[in-house]
There are 4 protein chains.
Amino acid sequence: MLEKNRFGVLGINWLPHYDRYLTSDGRVAPSLAETFRSAAAIKGLEGFELVHPFQVRPENVLEIKKMLGDAGLTPISIAASISSKPQYRLGSLTADLPETRRQAIDTVTTAVDCAAELGIDLVTVWMGRDGFDNPFQVDYEQSWGRLFEAFKEICFHRPEMKIGIEYKIKEPRRWLFASTASRILLLAHELQAPNLGALLDIGHALMAYENLGEVVYLLARENRLFNVHLNDNTRIWDDDMPMGSLHLLEHLELLYWLDRVGYDGWLSFDVHAILEDPTRLVEESLHFTRGMIQVMNEIGRPAIEAAIQTRQVSEIMALVGKTIFPKAYK
Amino acid sequence: MLEKNRFGVLGINWLPHYDRYLTSDGRVAPSLAETFRSAAAIKGLEGFELVHPFQVRPENVLEIKKMLGDAGLTPISIAASISSKPQYRLGSLTADLPETRRQAIDTVTTAVDCAAELGIDLVTVWMGRDGFDNPFQVDYEQSWGRLFEAFKEICFHRPEMKIGIEYKIKEPRRWLFASTASRILLLAHELQAPNLGALLDIGHALMAYENLGEVVYLLARENRLFNVHLNDNTRIWDDDMPMGSLHLLEHLELLYWLDRVGYDGWLSFDVHAILEDPTRLVEESLHFTRGMIQVMNEIGRPAIEAAIQTRQVSEIMALVGKTIFPKAYK
Amino acid sequence: MLEKNRFGVLGINWLPHYDRYLTSDGRVAPSLAETFRSAAAIKGLEGFELVHPFQVRPENVLEIKKMLGDAGLTPISIAASISSKPQYRLGSLTADLPETRRQAIDTVTTAVDCAAELGIDLVTVWMGRDGFDNPFQVDYEQSWGRLFEAFKEICFHRPEMKIGIEYKIKEPRRWLFASTASRILLLAHELQAPNLGALLDIGHALMAYENLGEVVYLLARENRLFNVHLNDNTRIWDDDMPMGSLHLLEHLELLYWLDRVGYDGWLSFDVHAILEDPTRLVEESLHFTRGMIQVMNEIGRPAIEAAIQTRQVSEIMALVGKTIFPKAYK
Amino acid sequence: MLEKNRFGVLGINWLPHYDRYLTSDGRVAPSLAETFRSAAAIKGLEGFELVHPFQVRPENVLEIKKMLGDAGLTPISIAASISSKPQYRLGSLTADLPETRRQAIDTVTTAVDCAAELGIDLVTVWMGRDGFDNPFQVDYEQSWGRLFEAFKEICFHRPEMKIGIEYKIKEPRRWLFASTASRILLLAHELQAPNLGALLDIGHALMAYENLGEVVYLLARENRLFNVHLNDNTRIWDDDMPMGSLHLLEHLELLYWLDRVGYDGWLSFDVHAILEDPTRLVEESLHFTRGMIQVMNEIGRPAIEAAIQTRQVSEIMALVGKTIFPKAYK
């Protein structure tokens with residue numbers, strides 16, 4: 001169970017921390033080569049999610065590919081960054097200025113081209129600026145029209161390449177358009193695009209009060225679950241805490257459903273190392289995740305499925321408890 | 001603007017209050033005739049949402065029709081009640097026992113028949129029991145399979161009748177399946193049922209962190225906005241407070257979008273009169289709503305649309321503020 | 001570590017489930033004797049929290065004592081019930097009618113007398129009705145004046161007996177006065193009552209966005225931590241889920257701090273068995289809690305304290321992970 | 001009513017927007033003189049909250065005083081900034097390094113000296129870094145010990161000067177120590193410091209699920225309400241939206257209670273102009289606030305008090321509705 005899944009990571013984890021009050025935590029961002037080395041040093045970690053344009057661009061694709069190979073890492077995907085520049089402050093794919101929308105779309109399609117050259121089939125998009133901060137700030141018909149138009153172009157640029165939207169319900173804008181798994185399905189249905197799907201960041205799902213197992217099922221039944229980011233939070237905000245640092249049973253349920261739907265993609269750690277040693281944080285996230293996978297394998301799918309059918313949480317607690325707290329049952 | 005909308009109400013507002021700690025507040029439920037009289041006494045209130053089987057059943061349709069007419073009320077819809085009986089405690093349309101699912105489906109289709117006989121075209125369904133309370137309690141594939149199957153039968157029972165699902169993200173189950181507007185669209189797409197849509201309860205939308213105007217637009221563009229319930233809450237729970245008792249600008253934005261999409265249905269007050277005089281509560285909810293509609297009409301759509309395009313909340317605040325606080329600008 | 005703590009339970013766990021939509025789940029409430037037998041059958045469970053007036057009253061104190069003894073259970077406390085009767089619907093200790101306030105105060109002082117006769121020193125009070133549902137519903141000066149007055153009488157009735165307020169931020173009223181641990185300390189400071197303290201229900205603390213370990217410390221430093229209820233929730237509502245069914249690390253931290261402050265009271269399971277087998281639910285909650293205590297003991301306080309001082313969550317994750325997922329580190 | 005209150009503002013409102021994804025919104029921070037001019041240009045705005053060390057320092061107190069006077073503004077307070085430097089990233093008054101704690105304390109006491117020289121009696125402190133991000137990250141006994149020690153020194157530095165803590169429950173740390181109004185009272189009781197109180201930021205109160213009127217009352221009854229910041233949010237996050245942009249009735253209730261307790265301090269707009277014209281945003285916040293004050297004055301305290309005593313929200317809605325939506329009652 002889940003033996004087929006491999007662990008990956010994002011470079012963002014090694015960046016210094018800043019927030020709306022602190023523009024520096026006193027640390028210096030490592031070079032990409034240093035980041036690759038840090039990631040590769042983590043036992044069991046094999047993949048890396050790249051970012052265009054900050055890390056990979058048409059002119060350096062082969063160089064990056066070599067650097068990754070030298071470090072012993074496999075590329076997972078390219079995230080097209082359309083959220084971190086001043087011109088995107090009021091929207092990227094839904095911006096008011098046609099040239100800003102053009103720039104955003106081109107960024108995504110260029111990322112698609114880079115990915116193809118790199119030999120992978122996945123580009124991810126997080127629309128952190130496409131939303132609104134106040135009532136009456138946007139015209140929803142206008143904004144959704146722009147969203148549909150943009151993804152039409154993006155999805156049909158290279159139909160054999162997958163586009164995974166990392167949905168999120170809020171932050172940095174107070175409300176975001178691509179907020180839930182169902183909204184991604186809505187977008188895909190509208191465009192009838194088989195290559196449009198989701199990057200499931202489980203912290204984003206928790207923040208939208210989604211059940212992790214349920215959205216895995218709903219996305220996978222339409223073959224639209226393209227990537228998974230692992231982290232944890234308080235459900236109230238995208239805290240990007242290490243996987244398993246708060247919750248247990250829901251994360252086990254996530255792993256069960258990833259196995260159940262036959263997900264064979266990557267599991268990437270997207271943790272925000274606020275003032276922590278980033279390498280250690282990924283390392284321990286990986287240990288916890290591997291531990292949880294082992295627990296699920298040890299219990300086995302038939303026992304889990306029988307427990308679910310009793311509708312009694314005590315049954316699943318007994319299965320898990322006996323595995324992680326065996327002495328408590330003596 | 002919005003002159004075409006008429007105000008309605010639910011009988012639930014006149015029921016005594018109880019919760020999980022208090023099984024009686026010392027009041028006695030009024031008879032249906034008394035409820036009709038109370039509702040009809042509210043100036044400007046014209047419609048009533050009936051409930052099957054508690055209020056209307058095949059054998060009393062004509063009698064109820066006459067009672068409503070005598071009271072001077074128009075029937076809006078019939079809500080098929082599949083959430084308040086012990087057999088539904090672990091699910092109605094997704095229950096484990098086939099006979100419970102059958103009973104729930106039959107309740108909805110009977111409500112459809114009653115509605116047809118009553119001369120209206122809308123039945124609403126709230127699936128307050130179809131969800132789960134703990135991780136690993138349900139098999140999402142099994143549950144969603146049952147949901148699809150149930151609505152297939154319901155929607156094709158009388159394709160000319162509309163079925164409006166009142167979506168809600170939680171309570172009384174800790175998580176509910178039909179949680180957001182997008183999930184209703186997902187269900188409708190799956191079944192390719194043009195008569196399946198939503199009853200938008202704006203408190204439920206706030207609780208799911210939806211923007212009211214945005215979901216009106218998303219539902220209406222597929223002709224799936226069938227009914228609207230007005231109330232208010234803290235966004236954290238389905239408090240069913242009177243319309244306008246907490247929020248202002250978002251409710252104005254809702255009214256703007258209902259007008260913008262040409263919604264010509266009812267606006268029903270679904271307020272939970274915890275220990276209040278229920279008639280007065282509806283009366284004041286109606287005054288506030290009418291006042292908000294008048295504010296929007298006074299400002300006018302061109303001015304609102306121009307304000308939206310500035311992307312500046314100060315512009316819309318100025319328009320609203322000058323209308324409701326004219327002295328503050330002197 | 002924590003070997004000194006004993007496990008208890010509340011009878012409420014065996015009651016049928018009802019909520020504001022379902023007044024019966026089809027089950028019948030067991031007799032008190034049956035409840036005692038069910039509780040006593042749970043291996044490792046030793047204590048029982050009684051309720052006045054529903055279970056224990058001046059006239060049956062000795063009988064209840066004998067029944068408990070026969071069942072092999074120890075009485076923990078008496079909860080004075082002032083939230084479940086119609087006359088308390090708009091407040092008990094802060095009600096408008098002087099006779100209602102009198103009745104509520106008398107209920108608490110009678111519970112104190114019963115407790116004394118029973119040979120225990122703790123009465124708990126949950127003020128589920130003392131709060132408000134809307135802005136402008138109460139006069140805070142008037143309400144807090146009544147609160148101060150009521151607890152003055154209650155605390156000085158028998159100063160050698162402890163009064164533990166079970167604080168909660170909301171539900172069933174939309175806002176409650178005795179909302180957080182700090183509010184209990186505020187009340188105690190105002191009255192200069194050394195016997196006034198808190199019953200910490202950890203689900204209530206999570207719902208108020210409190211950190212469990214921090215409130216244990218803040219209450220214990222003033223000797224005002226009188227009792228602890230164990231359960232779990234989504235932080236958004238008082239879901240009363242079984243201990244450990246969602247969270248892990250925060251519960252471990254709670255256990256660490258209970259040990260650190262030398263808490264020698266009871267740990268009672270206050271879980272709401274929605275449609276579950278109540279005995280099994282307590283049983284598995286107890287297994288999980290015992291398992292967590294064993295984990296903390298196995299790690300040991302020096303290692304935990306060293307990990308805290310690193311300020312790195314990866315350190316504590318490594319300690320816990322190696323204990324519960326040992327194979328993941330091979 | 002509330003005629004005695006004067007309106008003020010913070011300079012932060014004119015700063016460019018940045019967040020954890022966007023380090024620039026393309027705008028340049030205005031000079032302090034420009035900020036003063038922008039503030040002074042807002043009709044009805046009279047006060048300004050200064051920041052030490054960024055704006056005012058011992059060596060420029062007289063210069064700042066003159067600049068303010070030239071602009072026609074009155075100084076309200078000095079905020080001692082101990083949250084925005086890398087050395088404070090893991091805490092300021094509770095930092096691990098003694099020299100960091102010393103620096104933070106000295107920053108506050110220097111601000112106190114500057115305030116005294118400026119002829120005002122209020123210094124405010126927001127401890128945005130004193131908290132934690134994960135379970136087991138801090139030792140609560142150690143941290144609270146440091147808090148007590150720091151405020152002992154701060155409060156007794158110049159006992160005639162007031163220290164107002166701007167409490168907040170989370171952000172930027174995932175949990176903050178000085179989280180609620182009651183925690184400020186707890187701190188003040190511990191230190192027996194009559195000059196320690198609160199700066200009530202109403203958005204922070206909403207985020208902690210506090211009722212605005214209730215905390216005004218609780219703080220004022222101990223003479224510990226020193227300043228008020230006006231803004232609005234979704235209750236889930238510190239959105240810093242303009243006053244009145246979401247809520248109405250609770251803000252009216254706040255104004256009622258400020259009047260009721262005789263608050264004669266400033267009302268300052270602390271709004272975060274995400275990509276908005278900051279001057280216009282303050283201007284419209286002021287219009288809305290003045291409009292709300294006029295509404296409350298028009299209704300009058302006796303009518304409001306009578307409505308409260310009915311415990312019926314419909315009564316207060318009728319009073320407010322007739323004032324702001326008079327046509328809806330015809």
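In chain C of this predicted model, strand E3 (residues 74-80) and strand E4 pair in the parallel sense, held together over three bridges. If you would like one pair to look at, take C:Val125 in E4(C), which is the bridge partner of C:Ala80. To get from E3(C) to E4(C), the chain travels through helix H3 (residues 98-118) of chain C, and this β-α-β crossover is right-handed.

Now stay with E4(C), which covers residues 122-125, and look at its side chains. C:Leu122 and C:Thr124 point one way from the strand, while C:Val123 and C:Val125 point the other way. Are these residues buried or exposed? All of them are buried, whichever way they point. E4(C) also has strand E6 (residues 162-166) of chain C as a partner: the two run parallel and are joined by four bridges. Here C:Leu122 stands opposite C:Lys162 in E6(C).

Let us move to chain B and widen the view to the whole sheet. The strands of chain B form a closed barrel of eight, in the order E1-E2-E3-E4-E6-E8-E9-E10, with parallel pairing. On average, neighbouring strands of this sheet are turned by 30° against each other, direction ignored. Within the barrel, strand E3 (residues 74-80) of chain B and strand E4 (residues 122-125) of chain B run parallel and are joined by three bridges. One pair to pick out here is B:Ile78 with its bridge partner B:Val123 in E4(B).

From the barrel, we can step out to the way chains meet, beginning with chains B and A. How many residues does the contact take from chain B and from chain A? It takes 31 residues from chain B and 31 residues from chain A. Several helices of chain B each supply at least two residues of the side that touches chain A, namely H4 (140-157), H5 (181-191), H7 (212-220), H8 (249-260), H10 (301-310) and H11 (313-324). H5(B) gives the most to that side, with five residues. Sorted by class, the side of chain B that touches chain A has 16 nonpolar, seven polar and eight charged residues.

The geometry of this pair is neat to follow. Chain B is superposed on chain A by a rotation of 180° with 0.0 Å of shift along its axis, at an RMSD of 0.0 Å. Of the residues of chain B, B:Ser182 comes closest to the rotation axis, with its C-alpha at 2.7 Å. The same surface serves both copies, as 100% of the contact residues of chain B recur in chain A.

Chain B also meets chain D, where 33 residues of chain B are in contact with 32 residues of chain D. On the chain D side, helices H8 (249-260), H9 (278-299) and H11 (313-324) each supply at least two residues. The largest share, nine residues, comes from H9(D). By class, the side of chain D that touches chain B divides into 14 nonpolar, nine polar and nine charged residues.

How are these two chains related? A rotation of 180°, with 0.0 Å of shift along its axis, superposes chain D on chain B with an RMSD of 0.0 Å. That is the relation of a two-fold axis. To find the axis from chain D, look for D:His247, whose C-alpha comes closest to it of the residues of that chain, at 2.2 Å. The copies meet through the same surface, because 100% of the interface residues of chain D are also interface residues in chain B.

Definitions and conventions
Residues are numbered from 1 along each chain as its sequence is written. Chains are lettered from A and ligands numbered from 1 in the order in which they are written. This is a predicted model: local features need pLDDT of at least 70, side-chain atom pairs count only at pLDDT 80 or more; totals for chains, interfaces and linings use all residues. Two residues are in contact if their C-beta atoms, placed from the backbone, lie within 7 Å. Ala, Val, Leu, Ile, Met, Phe, Trp, Tyr, Cys and Pro count as nonpolar, Asp, Glu, Lys and Arg as charged, and the others, Gly among them, as polar. Copies are superposed by least squares on the C-alpha atoms of residues with pLDDT of at least 70 in both. A residue is buried if 20 or more other C-beta atoms lie within 10 Å of its own, exposed if 12 or fewer, and partly exposed in between; C-beta atoms are placed from the backbone. Two strands pair if DSSP finds at least two bridges between them. A crossover is right-handed if, with the strands pointing away from the viewer, the path from the first strand over the helix to the second runs clockwise. Axes are lines fitted to C-alpha atoms, for helices over the stretch in contact, and angles run from 0 to 180 degrees between N-to-C directions.
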